[in-house]
Amino acid sequence: MVRILSVIALFVTVLAFAKAVPSGRVVGGTDAEDGQFKYQISLQHSNGAHTCGGSILNERFVLTAAHCVLVGNEVRPPSSLQIRAGSVDYSEGGKLLKIKRIVVNENYGNFVHDLALLELEEPLEFCDHIQPIELATKEVPSGGDIIVSGWGRLYNNGPIPDHLQWTTLKAMTTEECTPYFEDLQPNIDALICLAHGSNHGVCNGDSGGPATYKGKLVGVASFVMNGCGSANPDGYAKVSHHYDWIIENMKN
């Protein structure tokens, strides 16, 4: 069973619970240091409730997952969302910015091409805690160390941490990934699969967040299979596969 990672129903109840639970992991991760992930943002509803992650590409655009900005097949009104940049706490610090325009990948469906661009109403001002990340243009070698980060649940159906979490997963080639996600053929080359052991990996609320390799953005968190923390690989939209789409839509 493939499961989308965005925070869905019962968010308010879980958030209240999260404040009483010590933070410890994405699933199996570590608290981020201030300024460690300068490109990471929290995508939020206009009431401040965290829903997804995202990555700063330049002073005007953020990259996230398509399913983070959709209700059914309809794109959410930009005014219903905001981002917080420059803070390891999604609820305070850093900068809050409104969204001007949302561009969803027109090929999104069946868990592939899960990308959306957010154009900000005002340009970001870069500083020690807010910086863009470079897009990857090449494949990641098998076994490469991939850093992922986010405010996703600490375990399956668990609480959401206030503090940004991160961990390291392992890159898989398309050939290594195919046996896990045969139902996604012939589009599996649009994914990067990240391997990990049990009680590790990403979870609800990490969607749209970054996967990086040697300081470049290689993936956008999309889905997990059989629940968070299972031994199955996590599915990310592959940035190098969608590089041209990203660049072209930041021009328009």
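Ser55 stands opposite Leu63 in β5, and this facing pair belongs to the antiparallel pairing of β4 and β5, which extends over two bridges. The model described here is a predicted one, and its chain contains three helices and 17 strands. Three disulfides turn up when the whole structure is searched, and one of them starts from Cys52, in strand β4. The points below begin with the strands around β5, continue with the disulfides and with His113, and end with the chain as a whole.

**Strand β5 and its partners**

- Four residues lie between β4 and β5, and the two strands form a hairpin.
- On its other listed pairing, β5 is joined to β10 by four bridges, and these two strands run antiparallel.
- Within that pairing, Phe61 has Glu119 of β10 as its bridge partner.
- Both faces of β5 are covered, since Phe61 and Leu63 on one side are buried, and Val62 and Thr64 on the other side are buried as well.

**The disulfide of Cys52 and Cys68**

- Cys52 is joined to Cys68 by a disulfide, with a distance of 2.1 Å from S to S.
- The two cysteines are 16 residues apart and link distant parts of the chain, with Cys52 in strand β4 (residues 50–56) and Cys68 in the loop between β5 (61–64) and β6 (70–71).
- The angle about the S-S bond is -90°, and the link of Cys52 and Cys68 is left-handed.
- Cys52 has a relative accessible area of 0% and is therefore buried, while Cys68 counts as buried because its relative accessibility is 3%.

**The disulfide of Cys177 and Cys193**

- A second disulfide joins Cys177 to Cys193, and here the distance from S to S is 1.7 Å.
- Because Cys177 lies in helix α2 (residues 174–177) and Cys193 in strand β14 (residues 191–195), the pair ties together parts that are 16 residues apart in sequence.
- Cys177, at 2% relative accessibility, counts as buried, and Cys193 is buried too, with a relative accessible area of 1%.

**The disulfide of Cys203 and Cys228**

- Cys203 and Cys228 are also joined by a disulfide, and the distance from S to S is 2.1 Å.
- Both cysteines of this pair are in loops, Cys203 in the loop between β14 and β15 (210–213) and Cys228 in the loop between β16 (216–225) and β17 (234–238), and the pair links distant parts of the chain that are 25 residues apart.
- The link of Cys203 and Cys228 is right-handed, with 85° about the S-S bond.
- Cys203 is buried, with a relative accessible area of 0%, and Cys228 has a relative accessible area of 10%, which is under the 20% limit, so Cys228 is buried as well.

**The order of the cysteines**

- When the bonded cysteines are counted along the chain, the disulfides follow the pattern 1-2, 3-4, 5-6.
- Another cysteine, Cys127, has a relative accessible area of 37% and is therefore partly exposed.

**His113 and its surroundings**

- His113 is found in the loop between β9 (95–104) and β10 (116–120), and β10 is the strand that four bridges join to β5.
- With a relative accessibility of 13%, which is under the 20% limit, His113 counts as buried.
- Leaving aside residues up to four places away in sequence, His113 touches Asn105, Asn107, Tyr108, Asn187, Ala190, His241 and His242.
- One of these residues, His242, is 129 residues away from His113 in sequence, yet the two are 7.8 Å apart in space, C-alpha to C-alpha.
- The side chains of His113 and His242 make a polar contact with each other, at 2.9 Å.

**The chain as a whole**

- The chain has 252 residues, and buried residues make up 55% of them.
- Among contacts in the chain between residues at least 6 apart in sequence, 72% join residues that are at least 24 apart.
- About 10,700 Å² of the chain is exposed, and carbon and sulfur atoms supply 49% of this area.

Note on methods:
Residues numbered from 1 in each chain as written. Predicted model: local features only at pLDDT ≥ 70, side-chain atom pairs only at ≥ 80, totals over all residues. Heavy atoms only, no water. Buried < 20%, exposed > 50% of the residue type's maximum accessible area, 1.4 Å probe, protein only. Contact = heavy atoms within 4.5 Å. Polar contact = N/O pair within 3.5 Å; in protein donor to acceptor, adjacent residues only side chain to side chain. Disulfide = S-S within 2.5 Å. Areas by Shrake-Rupley, 256 points an atom, 1.4 Å probe, with all protein chains shown as cover. Pairing = 2+ DSSP bridges.
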